[in-house]
Each structure stands twice: as C-alpha cells, then as structure tokens.
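Hi everyone, thanks for making time. I'd like to walk you through one structure today, so let me put it up on the screen.

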Amino acid sequence: MAENHRPRLDDVLAAQKTLAGIARVTAMEGSRYLSRLVGAPVHLKCENLQRTGSFKIRGAYTRIAGLGEAERARGVVAASAGNHAQGVALAASLLGVRSTVFMPVGAPLPKIAATREYGAEVRQHGTVVDETLAAASEYAERTGAVLIHPFDHEDVVAGQGTVGLEILEQCPEVRTIVLGIGGGGLAAGVALAVKSLRPDVRIVGVQAAGSAAYPPSLAAGRPVALPEVATMADGMKVGRPGDVPFRIIADLVDEVRTVSEDSLSGALLLCLERAKLVVEPAGASPVAALLADPEAFAGGPVVAVLSGGNVDPLVLQRTLRHGMAAAGRYLSLRLRVSDRPGALAALLGELSVTDANVIAVNHVRTDPRLGVGEAEVELQLETRGPRHCEEVTEALRAAGYGVMD
C-alpha cells in the first residue's frame, strides 16, 4: 500500500485474506448482565483471546507481510508498552524477519518476557510510549530497520479493520459498536470496515479521561498532543492521535466518550466476575462506558470490543482492589472503643453477626487525641456492596460504637 494512502474497504478485505490462518476469529459472547442494564442485547467481542492476547497481531502481521524482500532483510523495529510489542514479535517470527522492540522502562515484566519469547530483541527506553517511539524511530533511521508503527500506518489500520468485518459476520443485526481508543488504529479500522458496509451502525470510541487526546483534537480539527497522560490503562496511554487514524475517526466515528479510572477498574472487575474473562483496563473501556451511561446505548444490539487481556498480575490485583472499593465492596471504618481486655473481641463478635469479612485491624492506644481508657480501632472490611456497608455501619452504631467519619 502506498504511503499516505487512506485505506479503503478493499484494503481491509485484502488484510483479512492475509490474516487467514494467522489471526483467530475471536469469540462473540453475550452478556446477560449488561443486556439487562442497557435494555438491549450486548455482546462482547473477545479480542483478549486473540493470539498474543490482543488485536495487535492483526495490524502488525498485515504491515510486515506487505514489506518487500529488501525491507524484510533490514529487519523491523517497534515501540510499545506491551500489546503491539508482542504482536510485532510474533508476526516477525512467523514471517522470518528479525525484530527489535523498544519498551518503556517499568513495562510489566510478563509483557517483556512474552515479547522476548516471541523472538524479539527487547530494549527499554523512556517512561511513556511517545518517548519509546522516538527511540525506535531513531534506531530505524540509524540502522535501516523498518519502523512498524503501533497505529499510524495504513496497513496497520487495514489489519485492525478485520475486527469490524468479523463483528458484521457474527452479529449482522448490530446497531452500535463500542471500542477503546489509544492512538486510534483499531477504531479507525473498524469504523472504515463497518461504515463502508453498514453506514447505519453507530461507532462509539472510548478513552481514559487521563489520556483523552481525541476530544481536543477533534475540536481543533487536527491531532493535538496532550501535555501529560496518566491512566492505569497502559494500552491507551498515548498523548497524540495518529495522523492516519485521526482522519478516519474524524469522518466516521460518531462519538468519543471518556471514562474515569474508577469506571475502568469497575469494568475490569465486572468482566472477571460476570463474564469470566481476564481483560486489561484498556480492553475493559467499552464496558466502562456502558456502565457509566447505559441509557446512551439502549438502541441495541451493542457490541463491545474487549481489545486485550495482557494485564500484569500486580496491576490486576491493584485494579481489582480499586474496583471493589469503587463498587462498595470494601468498607474502611474508625471506631472509639473502651481500652479494656475483651473490647476488641467484642467488636469483632458484633462484626461476625453482620457477615462482613475482616481484612485488617489496626488497634491504636497511644494517640494523644484519645481519652484515658479509650482506644481507636481502624478496620478494613470486605462487604457485599453499598447497602451492606450501610447495614454494617448502622449495626455497629446500634451496638453503641462511635463510628468516626
């Protein structure tokens, strides 16, 4: 495909043929919980179950497969926080091409290990993807290796667009497609494929509020770089839209929404508990949008694209804990109790009746704010939700305990 050529439907169809036997046709799973919430059928397109754990193999393989013999001989280079890195590493290995991948310092160790196992040489540079991409670009200029951009190339967009073709085949009655946006390759590709065949389908993009470069860029009519980005969703941690996907998204995506960190963690928790699917925060962003404003998606059927499942176990642990707290599943309390033998045991006895699970207890006796004969107890409790939190608090007050704000 020629440089600066805006991809067309024919390019996406060609990519689909190229990817036959390489990329999986991922499952489409219905969600009863989300369907009840939205008031219309909701389906989950499970790209978290794709090879390498995300949709990125589609664009990476399409791009590398399109290189000439001389270009392949020079090798390829990429920059990524994890998903594109693994996609490039596997695609290059399958095509017999040498690959070097730059990853940020502090990238999750499982993603680094997986990228190496797929055959790439990994180099770490910078703290955000934009810095890492600059290092990869310099390496390409110095060595002649071909830069495989994570989103800003026509072949990459065409490859990601095959997700849209599958959605139309698996759910021909779809009315709305919701998907996350980082640099924009997936959203642009899906919008291009779907709108070419079904212009009536609504396409909604979702960004993390702390790295939402598309709303100001769309308002300005050109890609605008954010001064800083901050989100748990490293797959969406992109400070500037790509030129190629921006043009397509500006023309074809109907709406771009933002979601909070609380919404992302809550969505990840829901995917795990209700759908039994491990999804990374960026991949859970469409579900976060549905949870935040279900009425906005009532014109179903709705397909939410779970774009990836490569989440570091430590990040998963923190995110799930945050999601449970946001959902009212954790309760933190401070109480004043009498400083006498058996007082703490009596308090825990009251809690056992409420069916709250005690996670941690901190018993303070030496604070100068305490009166003589008083102690303060800090409790971390696991509960069943907001209503249960209220029931536990009221039960303690009814038992004579002073619950402090």
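Let me start at one spot in the chain, with Gln50, which sits in the loop between strand E2 (42-46) and helix H3 (56-65). One thing to keep in mind as we go: this is a predicted model. Is Gln50 buried or exposed? Its relative accessible area is 2%, so Gln50 counts as buried. And who are its partners? If we skip residues up to four places away in sequence, Gln50 touches Ala23, Arg24, Thr26, Phe55, Ile57 and Arg58.

Now let's zoom out to the whole chain. The secondary structure comes to 17 helices and 14 strands. Along the principal axes, the C-alpha atoms fill a box of roughly 80 × 45 × 40 Å. Of the 405 residues in the chain, 55% are buried. For those of you who like contact maps: take the contacts with a separation of 6 or more, and 72% of them are between residues 24 or more positions apart.

The part I'd like to spend most of our time on is helix H10, residues 185-197. First, a quick geometry check. With 13 residues at 1.5 Å a residue, H10 should span 18 Å, and its end C-alpha atoms are 19 Å apart, so expectation and model agree.

How many of the 13 residues of H10 are buried? The count is 11, so H10 is largely enclosed by the rest of the structure. The buried ones are Gly185, Leu186, Ala187, Ala188, Gly189, Val190, Ala191, Leu192, Ala193, Val194 and Lys195. Notice that a lysine, Lys195, is on that list.

What packs against this helix? I'll show two neighbours. The first is helix H9, residues 162-170, which packs with H10 at an angle of about 45°, their axes 7 Å apart. That angle makes H9 oblique to H10. The crossing of this pair is right-handed. On the H9 side, the residues in contact are Val163, Gly164, Leu165 and Leu168, and they meet Leu186, Val190, Ala193, Val194 and Leu197 of H10. By class, this contact has eight nonpolar residues, one polar and no charged ones.

If you look at the spacing of those residues, here is a reminder that helps. An α-helix has 3.6 residues a turn, so residues three or four places apart point the same way. On H10, Leu186, Val190, Ala193 and Leu197 are among the residues that meet H9.

The second neighbour is helix H12, residues 243-252, which packs with H10 at about 50°, with the axes 9 Å apart. H10 and H12 are therefore oblique to each other. This crossing is left-handed. Here H10 brings Gly185, Ala187, Ala188, Ala191, Leu192 and Lys195, and these meet Pro245, Ile248, Ile249 and Leu252 in H12. The class count is eight nonpolar, one polar and one charged residue.

One residue from that contact deserves its own slide: Ala191, in helix H10. With a relative accessible area of 0%, Ala191 is buried. Leaving out neighbours within four places in sequence, Ala191 is in contact with Ser196, Ile203, Leu252 and Val253. To give you a longer reach across the model, Ala191 and Gly309 are 118 residues apart in sequence and 22 Å apart in space, C-alpha to C-alpha.

Before I finish, a few backbone details that you may want to look at on your own screens. Where is the cis peptide bond? It joins Gly300 and Pro301, with omega at about 5°. Pro301 is found in the loop between helix H14 (285-292) and strand E10 (302-306).

There are also two residues with a positive phi that are not glycines. Lys276 has a phi of about 60° and is found in the loop between helix H13 (261-274) and H14. At 64% relative accessibility, Lys276 counts as exposed. Asp355 has a phi of about 70°, and its place is in the loop between helix H16 (343-354) and strand E12 (357-364). Asp355 has a relative accessible area of 53%, so it is exposed as well.

To leave you with one picture: H10 is largely enclosed by the rest of the structure, with 11 of its 13 residues buried, and it is oblique to H9 and to H12. Thanks for listening, and I'm happy to take questions.

Methods. Residues numbered from 1 in each chain as written. Predicted model: local features only at pLDDT ≥ 70, side-chain atom pairs only at ≥ 80, totals over all residues. Heavy atoms only, no water. Helix = DSSP H or I, 4+ residues; strand = E, 2+ residues; numbered from the N terminus. Expected span 1.5 Å × (residues − 1). Buried < 20%, exposed > 50% of the residue type's maximum accessible area, 1.4 Å probe, protein only. Contact = heavy atoms within 4.5 Å. Axes fitted to C-alpha atoms, helices over the stretch in contact; angles between N-to-C directions. Parallel < 35°, antiparallel > 145°, perpendicular 65-115°, else oblique. Left-handed = near helix turned anticlockwise from the far one by under 90°. Nonpolar A, V, L, I, M, F, W, Y, C, P; charged D, E, K, R; others polar.
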